[in-house]
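This briefing is meant for someone meeting the structure for the first time. Please keep the sequence and the model in view while reading.

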Amino acid sequence: MEEICALLYINQYVREKSYDVIILDCAPTGESLRFVSIPTTLEWYMSHIFKLERSLAKIAGPIIEKVSSVPIPRDNYFQNIQDLFNKLEGIDNVLTDPKITTVRLVTNPEKIVIKETQRAFMYFCLYGLCIDAVIINRIFPDAVDVAYFEAWKQAQQHYIKEAMDYFSDVPIWKVNLFAEEIVGEDGLHRLAEALYSEINPADQFSQEKPYQFKKTANTYQLSIRLPFLSKEEIGLTKHGDELIVTVGSFKQHVVLPRTLSNKKTPGAKLTGDQLVITFEGENQESGKIR
């Protein structure tokens with residue numbers, strides 16, 4: 001419910017045009033991905049299951065209640081879901097429009113944290129969000145010259161170099177570890193001065209869309225940015241006007257333009273961090289990733 005409430009507020013502010021900048025401080029990767037996947041999940045439920053469930057409850061509900069004590073939802077239950085969906089309608093376009101929304105990933109120079117940031121980078125791309133910067137936090141400053149921390153400093157520099165290589169196509173900002181915990185307005189001012197002294201934090205530093213359609217000769221192509229993956233980790237299925245991309249336990253349903261809904265997908269190719277799906281001819285189903 002926290003994620004849904006946040007989406008409701010964002011959509012309300014956007015509709016009312018009652019904001020300058022909205023900053024949403026997301027939780028670690030798992031909860032953040034649940035947040036960004038809600039619009040897709042709700043859209044799929046409303047278009048594939050909701051009407052059927054509502055009709056079945058109306059028809060079968062009175063019969064079931066006569067022979068069973070299992071409670072059957074009344075129509076006002078389904079109306080509440082419809083009202084919620086109406087309030088959230090359009091939020092997916094807000095989140096996936098790089099001119100409106102961007103993501104900034106915050107990481108630390110440690111092995112596991114860098115790996116988690118790679119995973120977050122990939123999943124945010126899967127759900128169509130633009131990442132415009134990576135912030136590496138809690139770096140030991142050069143002034144820390146105590147021998148006890150030397151191995152830590154060397155390890156941090158190693159992982160900073162790895163992060164610079166992994167995320168080289170977006171701006172990377174580095175912030176030293178402060179001598180005390182950053183809390184309160186004064187602490188935030190010090191952090192802001194260290195991070196944004198020469199730039200406007202409200203600016204956008206990338207507007208690259210993770211999903212791009214293009215036409216080449218007699219074929220169409222959809223490119224999806226999916227970094228840090230091998231072809232064995234990606235599942236791809238086409239049903240009607242939907243392309244279903246699966247990575248692990250996460251699914252993204254991509255609604256295809258009408259011109260592509262009846263075209264075959266003879267295959268897909270993973271080149272670098274781009275999954276390129278080709279559409280040609282008539283009719284569908286699954287393609288094989290090369």
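The points below go through the sheets, the helices and a pocket in turn.

The structure is a predicted model. One of its sheets is open, with 3 strands in the order β1-β2-β3 and parallel pairing, and another open sheet has 3 strands in the order β6-β7-β8 and antiparallel pairing. Helices lie against these strands, among them α5, which touches β1 and β2, and α2, which lies across β7 and β8.

**The parallel sheet**

- In the sheet with the order β1-β2-β3, the edge strands are β1, made of residues 103-107, and β3, made of residues 172-176, and each of them pairs on one side only.
- Neighbouring strands of this parallel sheet are turned against each other by 20° on average, when direction is ignored.
- Strand β1 is joined to strand β2, which covers residues 131-139, by 5 bridges, and the two strands run parallel.
- Within this pairing, Val 106 stands opposite Ile 135 in β2.
- Helix α5 packs on this sheet, where it touches β1 and β2, and its direction makes about 165° with that of β1.
- Helix α6 lies across β2 and β3, and it runs at about 180° to β2.

**The antiparallel sheet**

- In the sheet with the order β6-β7-β8, β6, which spans residues 234-239, and β8 stand at the edges with a single partner strand each, so one side of each is left without a neighbour in the sheet.
- The average turn between neighbouring strands of this antiparallel sheet is 20°, again with direction ignored.
- Strand β7, residues 242-247, and strand β8, residues 250-255, run antiparallel and are joined by 6 bridges.
- Along this pairing, Ile 244 stands opposite His 253 in β8, while the bridge partner of Val 245 in β8 is Gln 252.
- The two strands β7 and β8 form a hairpin with 2 residues between them, and Gly 248 in the turn has a positive phi of about 60°.
- Helix α2 lies across β7 and β8 and runs at about 55° to β8, whereas α5, which also lies across β7 and β8, runs at about 170° to β7.

**Helix against helix**

- Two packed helices are described by the angle between their axes and the distance between the axes.
- Helix α5, residues 111-126, and helix α6, residues 150-166, pack at an angle of about 10° with their axes 10 Å apart, and since angles under 35 degrees count as roughly parallel, α5 and α6 are therefore roughly parallel to each other.
- On the α5 side of this contact are Lys 111, Ile 114, Lys 115 and Gln 118, which meet Tyr 159, Ala 163 and Tyr 166 in α6, and by class the contact has 4 nonpolar, 1 polar and 2 charged residues.
- Helix α1, residues 2-16, and helix α3, residues 75-88, have axes that come within 8 Å and cross at roughly 50°, which makes α1 oblique to α3.
- In that contact, Ile 4, Leu 7, Leu 8, Asn 11 and Arg 15 in α1 meet Leu 84, Asn 86, Lys 87 and Leu 88 in α3, and these residues divide into 5 nonpolar, 2 polar and 2 charged.

**The second largest pocket**

- The second largest pocket holds about 670 Å³ of space, and its lining consists of 25 residues, of which Asp 92, Asn 93, Thr 96, Gln 252 and His 253 lie nearest its centre.
- The elements that give two or more residues to this lining are α2 (29-67), α4 (91-96), β4 (211-216) and β8, and α2 gives the most, with 7 residues.
- By class, the lining residues of the second largest pocket divide into 12 nonpolar, 8 polar and 5 charged.
- The pocket and the hairpin share residues, for Gln 252 and His 253 lie among those nearest the pocket centre, and in the hairpin pairing Gln 252 is the bridge partner of Val 245, while His 253 faces Ile 244.

Conventions
Residues numbered from 1 in each chain as written. Predicted model: local features only at pLDDT ≥ 70, side-chain atom pairs only at ≥ 80, totals over all residues. Heavy atoms only, no water. Pairing = 2+ DSSP bridges. Helix = DSSP H or I, 4+ residues; strand = E, 2+ residues; numbered from the N terminus. Axes fitted to C-alpha atoms, helices over the stretch in contact; angles between N-to-C directions. Parallel < 35°, antiparallel > 145°, perpendicular 65-115°, else oblique. Contact = heavy atoms within 4.5 Å. Nonpolar A, V, L, I, M, F, W, Y, C, P; charged D, E, K, R; others polar. 1 Å grid on protein atoms, 1.4 Å probe; cavity = no way out; pocket = protein on both sides within 12 Å on 5 of 7 lines; lining within 4 Å. Points joined across faces, edges and corners; volume = space filled by probe spheres on them.
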